[in-house]
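This briefing walks through one protein model for a reader who wants to know how its parts fit together. It begins with a single residue and then widens to the sheet, the core and the confidence of the prediction.

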Amino acid sequence: MNADSRSSIRKPLVFSVEVYSLDEHLGRTQTRDINLDGAFLERCARKLHPTETLELHVHVHDNEHTPLRLKATVIRSTEEGEAVLFDYGAQEYSRLLNTISAYSSDGHTLKMPGFWHMSSPVN
């Protein structure tokens with residue numbers, strides 16, 4: 001996936017992320033940018049490979065007890081980190097959408113395609 005085929009624009013938001021592959025904890029890293037489709041993760045403890053399936057625990061706040069849990073697939077790997085594509089349900093979609101909308105710093109989030117604040121779960 002390239003920037004031209006994304007359904008929503010990536011936002012330069014930095015969130016702490018714990019990365020898991022199956023039941024193995026691969027380490028803690030952070031997002032460089034994120035949108036509703038996926039994110040770019042800074043390199044964690046080991047290089048991740050394209051098609052690898054992950055579970056990400058995204059911490060919006062430090063020491064958050066209920067992180068946003070997202071399933072993701074690595075789609076690209078570089079020296080700086082990995083691009084991942086999210087695979088999630090309605091509840092996670094709604095929470096991710098609200099998080100990006102609330103923390104976007106450019107003030108244009110609600111006017112851009114793909115960024116609508118959700119007050120109820122998506123059907």
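His59 is found in strand β4, and in this predicted model the residue counts as buried because its relative accessibility is 7%, which falls under the 20% cut-off. The side chain of His59 makes a polar contact with the side chain of Glu18, at 2.8 Å. The strand that holds His59 belongs to a closed barrel of six strands, which runs in the order β1-β2-β3-β6-β5-β4 with antiparallel pairing. Neighbouring strands of this sheet are turned by 45° against each other on average, with direction ignored.

**Strand β4 and its partners**

- Strand β4 covers residues 53–59 and runs antiparallel to strand β5, residues 68–77, to which six bridges join it.
- Within that pairing, Thr53 has Thr73 of β5 as its bridge partner, while Val58 has Leu68 of β5 as its own.
- β4 also pairs with β1 in the antiparallel sense, over five bridges, and in this pairing Tyr20 stands opposite Glu55 of β4.

**Strands β1, β2 and β3**

- β1 and β2 pair in the antiparallel sense over six bridges, with Tyr20 standing opposite His25 of β2, so that Tyr20 has a residue opposite it in β2 and another in β4, as expected where pairing rests on bridges between strands.
- The hairpin of β1 and β2 has two residues between the strands, and in this hairpin Leu22 takes a positive phi near 60°.
- β1 is mostly covered, given that five of its six residues are buried.
- β2 and β3 form a hairpin with three residues between them; the two strands run antiparallel and are joined by three bridges, and Ile34 stands opposite Ala39 of β3.
- β3 is likewise mostly covered, with four of its five residues buried.

**Strands β3, β5 and β6**

- Five bridges join β3 to β6, and these two strands run antiparallel; Leu41 stands opposite Glu82 of β6 in this pairing.
- β5 and β6 also run antiparallel, joined by six bridges, and Lys71 stands opposite Asp87 of β6.
- The connection from β5 to β6 is a hairpin that passes through three residues.

**Helix α1 on the sheet**

- Strand β5 takes part in the six bridges that join it to β4, and helix α1, residues 90–103, packs on the sheet, where it touches β2 (24–34), β5 and β6 (81–87).
- The direction of α1 makes about 80° with that of β5.
- Leaving aside its neighbours within four places in sequence, Leu96 is in contact with Ile34, Asn35, Leu36, Leu68, Leu70, Phe86 and Tyr88.

**The largest nonpolar core**

- The largest nonpolar core has 24 residues, of which Val19, Ile34, Leu54, Leu56, Val84, Phe86 and Leu96 touch the most other members.
- β1 (16–21), β2, β3 (38–42), β4, β5, β6 and α1 each supply at least two residues of this core.
- The element that gives the most to this core is β5, with four residues.
- Leu96, Ile34 and Phe86 are among the residues that touch the most other core members, and the contacts of Leu96 include both Ile34 and Phe86.

**Confidence of the prediction**

- The protein averages a pLDDT of 80, and 76% of the residues score at least 70.
- Among the elements of the protein, β3 has the highest mean pLDDT, at 96, and α1 the lowest, at 86.
- Over residues 107–123 the pLDDT stays under 50, and for this stretch the model has 34 contacts beyond four places in sequence.
- Where pLDDT is low, the predicted coordinates should not be read in detail.

Methods:
Residues are numbered from 1 along each chain as its sequence is written. Side-chain values use heavy atoms; hydrogens and water are left out. Axes are lines fitted to C-alpha atoms, for helices over the stretch in contact, and angles run from 0 to 180 degrees between N-to-C directions. Contact means heavy atoms within 4.5 Å. Buried means under 20% relative accessible area, exposed over 50%, partly exposed in between (1.4 Å probe, protein chains only). A polar contact is a pair of N or O atoms within 3.5 Å; within protein, one must be able to donate a hydrogen and the other to accept it, and residues adjacent in sequence count only if both atoms are side-chain atoms. A nonpolar core is a set of buried Ala, Val, Leu, Ile, Met, Phe, Trp, Tyr and Cys residues joined through side-chain atoms within 4.5 Å. pLDDT is the predictor's confidence in each residue, from 0 to 100.
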